[in-house]
Structure formats: structure tokens, C-alpha cells
Amino acid sequence: MNAVEIKSLTKRYGENCALRDFTLNIEGGRVYGLIGPNGAGKTTAMSIIATLLAPDGGTVLVGGHDVVKEPTAVRRLIGYMPDFFGVYDGLKATEYLEFYAAAYRIPAGQRPGLVRDLLELVNLRDKADCYVDLLSRGMKQRLALARCLVHDPAVLILDEPASGLDPRARAEMKEVIRQLRRMNKTVLISSHILPELAEMCDNIAILEQGRLVASGSVEEVTAARQGAKILKVEVAERLPELISFLQGQAQVLSVDGDAGWARVSFTGNKSAQGKLLQEIMARGWPVLEFAEIKGNLEDAFMAVTGEVKTASKILMQR
Ligand SMILES: Nc1ncnc2c1ncn2[C@@H]1O[C@H](COP(=O)(O)OP(=O)(O)OP(=O)(O)O)[C@@H](O)[C@H]1O
């Protein structure tokens, strides 16, 4: 059964269309990653699911309840962690969670046990008596996640929970999310940290300029992109010139040279790859490496988003 059903969701901010006909079904008990570059519409989509923002069109159902018509029922089912949040000064971690437990009308007798369990879950048991404003950023993020779990929601909406964390804090956050999956929670998590999302998520959805451009299991999305392989072309000199040359070639969707070599999104087959290599060599570039990079989530992301940019470029040229 789908825990969240997003259908033809549209949201505009004035002239700016932040979500365009966005449709996605999120199966119960699974972890979904929402990936997209800055401004893709991830926070907008999550705010609508969390009943904090009204859509301009389309529907979102959480546990069968409409976010616009039945916000109270939806709020009972979800825990939402925004990408930016504050913690109250002068409260200890335990008091902070007890405050939220009271707000959710958890009976007073149950609160101490619940708070202990939540602190245990997010690995903050030894910080129970620490003032929250003195916790590290990673600890605050985990405490905020514990806060989202106070009312035992079935669905968690986590907007960039690992942003700004160092590698150790990210690993700890990742472990908590794995634990949520074991607890059979449905989790929608947004991030820019693609390889980490791949490890944590069952499924991914890629948003670009408010549109869903790919969704499915990590493996499916990667396989679907096989039509657009990523080639690594490394040359000893004249890289900018090579990039311009490649951009003008048939079957090249996009070229990125940020890593010191050309990352080419290429739709041709093996023989077309061979021809491309011959062309490059015939023009005198000293080729150090010419290889197909095995697909992973990051490549899929690059290929997909590159494709969208290319598509928009083509449309604009018409
Ligand atoms: N309150 C607002 N008023 C006007 N425009 C907004 C508002 N919030 C978001 N936008 C615009 O809507 C688009 C989508 O923004 P959104 O924050 O949803 O993207 P995002 O994918 O979460 O980005 P990021 O990864 O940078 O957080 C952007 O173009 C953004 O500038």
C-alpha cells in the first residue's frame, strides 16, 4: 500500500513554478530519497506533504488523507524535520523531548520512558541532561529527529537531515535512518549527498526544475540511464578546447569538465564510442584515458539532470 500518493502536484511562487505536475507514489515501510540540485523543489514538495504549504494544483494523500482537506489527520501520521530549525535555549535534551511529548498529549506517566527510548534510538542517552543549545550540530539534528518521533508517526519527512554534518555525524544519522527502516517507518529524505542516499534508500526520485525526471529503485534508475553512458575522457592538455569540441558532437548530451577531465554523457553504442575516440586522436589531443564509467547513483543523477538541461536548451533553440 502507498503511504504517500503525490499526484500532479503544482506550486508557483509568483512567476516561478517550483513544482510542475509532480507525481510520485511512496510505498509504506520504505526509504525514499528525493534528490535534486538547489532550487529543484524538494523543500516545497516536503512542506506541502507536511501540510505547511498549500499547493496550487494536484493532490497529496498521506495514509489516504488529503493534506489540504484533512491536515489534522495527516499531522498525526507524519513527523517532519525541516531543513532549518531551532532548539530552545535553557532546556535539557530530556526536557526538550518531554515538552514535545506534552504538546502531543502523551500521558504524563508515559513520558519519561518514551523520552529515554527516543534518546536511546538517536544515540543521545549520555546527553540526556545536557542543554540542547550546547549540543554539537550533529547531536542537535539527531535530537530534532527524535522530536519528530514523539507521537510515533508512520511517515517521516526529513529535509536534508545530514546537511552540514561532518562524516562521523553523517554516519550516525545514517545509522538512525537504517534503524527507522527496521521499525517499518516510511521515510522520505532529501539530500545532495548522493552516494550516501544510495546506501540508505530503497528508492530514489530525482527532481529537476520542479519536474520528476526519474524514479524507481537505485538499480532501476541507474539501468534506465544506460542509454546515456558516462565517458571519462582525460587528456594531457587543451581540456577546455576538448570540452567545446565534445559539446558539438552528435550523441553527446552534456559535458562537464570540473574534475580535471571531461565527463561526457553519451548516447552512442560501442562503435560510436570508438569513432569518437578516433576523432579526438585525429585532432591531436594526447589522450590519457578514454573509458566508460560504471553507472552509480551519482552518474545517474548527472546523466538525468544533464539530459534535462540539454532538453531545455533544445527547446529554447526552437
Ligand atoms: N517562499 C518562497 N518564495 C518565492 N520563491 C520560493 C520560495 N520558496 C522557494 N522558492 C523558489 O522555488 C524553487 C524551489 O525551491 P525549493 O526550496 O523547494 O528547492 P530545493 O530543491 O529544496 O532547494 P535546496 O536544495 O536549495 O534547498 C526555487 O526556485 C526557489 O527559489
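**Group meeting: cores, sheet and ligand shell**

Let me begin with one residue, Val 4, which, leaving aside residues up to four places away in sequence, touches Ile 26, Ile 49, Val 60, Val 62, Val 155, Thr 186 and Leu 188. Please keep in mind throughout that this is a predicted model. Val 4 is among the residues with the most contacts inside the largest nonpolar core, which has 69 residues, and the others in that group are Ile 49, Leu 118, Ile 157 and Val 187. There is also a second, separate core, made of 13 residues, and Ile 230, Leu 242, Ala 262 and Ile 280 are included in it.

For the chain as a whole, we have 318 residues, of which 38% count as buried, and the secondary structure comes to 11 helices and 14 strands. If we take the contacts with a separation of 6 or more, 69% of them are accounted for by residues 24 or more positions apart.

Now to the sheet around Val 4. Four strands form an open sheet in the order E2-E1-E4-E5, and their pairing is antiparallel. The edges are occupied by E2 and by strand E5 (65–66), each of which has a single partner strand, so one side of each is left without a neighbour in the sheet. Further in, strand E1 (residues 2–13) and strand E4 (residues 57–62) pair in the antiparallel sense over five bridges, and here Val 4 stands opposite Val 62 in E4. Helix H1 packs on this sheet, where it touches E1, E2 and E4, and the direction of H1 makes about 120 degrees with that of E1.

H1 brings us to the ligand. Which elements each supply at least two residues of the shell around the ligand? They are strand E2 (16–27) and helix H1 (42–49), with H1 giving the largest share, three residues. The residues around the ligand are Tyr 13, Asn 16, Ala 18, Gly 36, Asn 38, Gly 39, Ala 40, Gly 41, Lys 42, Thr 43 and Thr 44, and by character the shell divides into three nonpolar, seven polar and one charged.

Finally, I would like to turn to strand E6 (residues 78–81), both faces of which are covered, with Ile 78 and Tyr 80 buried on one side and Gly 79 and Met 81 buried on the other. E6 pairs with strand E7 (residues 155–159) in the parallel sense, over four bridges, and Tyr 80 stands opposite Ile 157 in E7. Ile 157, as I said earlier, is one of the residues with the most contacts inside the largest nonpolar core.

Methods: Residues numbered from 1 in each chain as written. Predicted model: local features only at pLDDT ≥ 70, side-chain atom pairs only at ≥ 80, totals over all residues. Core = buried A, V, L, I, M, F, W, Y, C linked by C-beta atoms within 7 Å. Buried ≥ 20, exposed ≤ 12 C-beta atoms within 10 Å, placed from the backbone. Contact = placed C-beta atoms within 7 Å. Near = placed C-beta within 6 Å. Nonpolar A, V, L, I, M, F, W, Y, C, P; charged D, E, K, R; others polar. Pairing = 2+ DSSP bridges. Axes fitted to C-alpha atoms, helices over the stretch in contact; angles between N-to-C directions.
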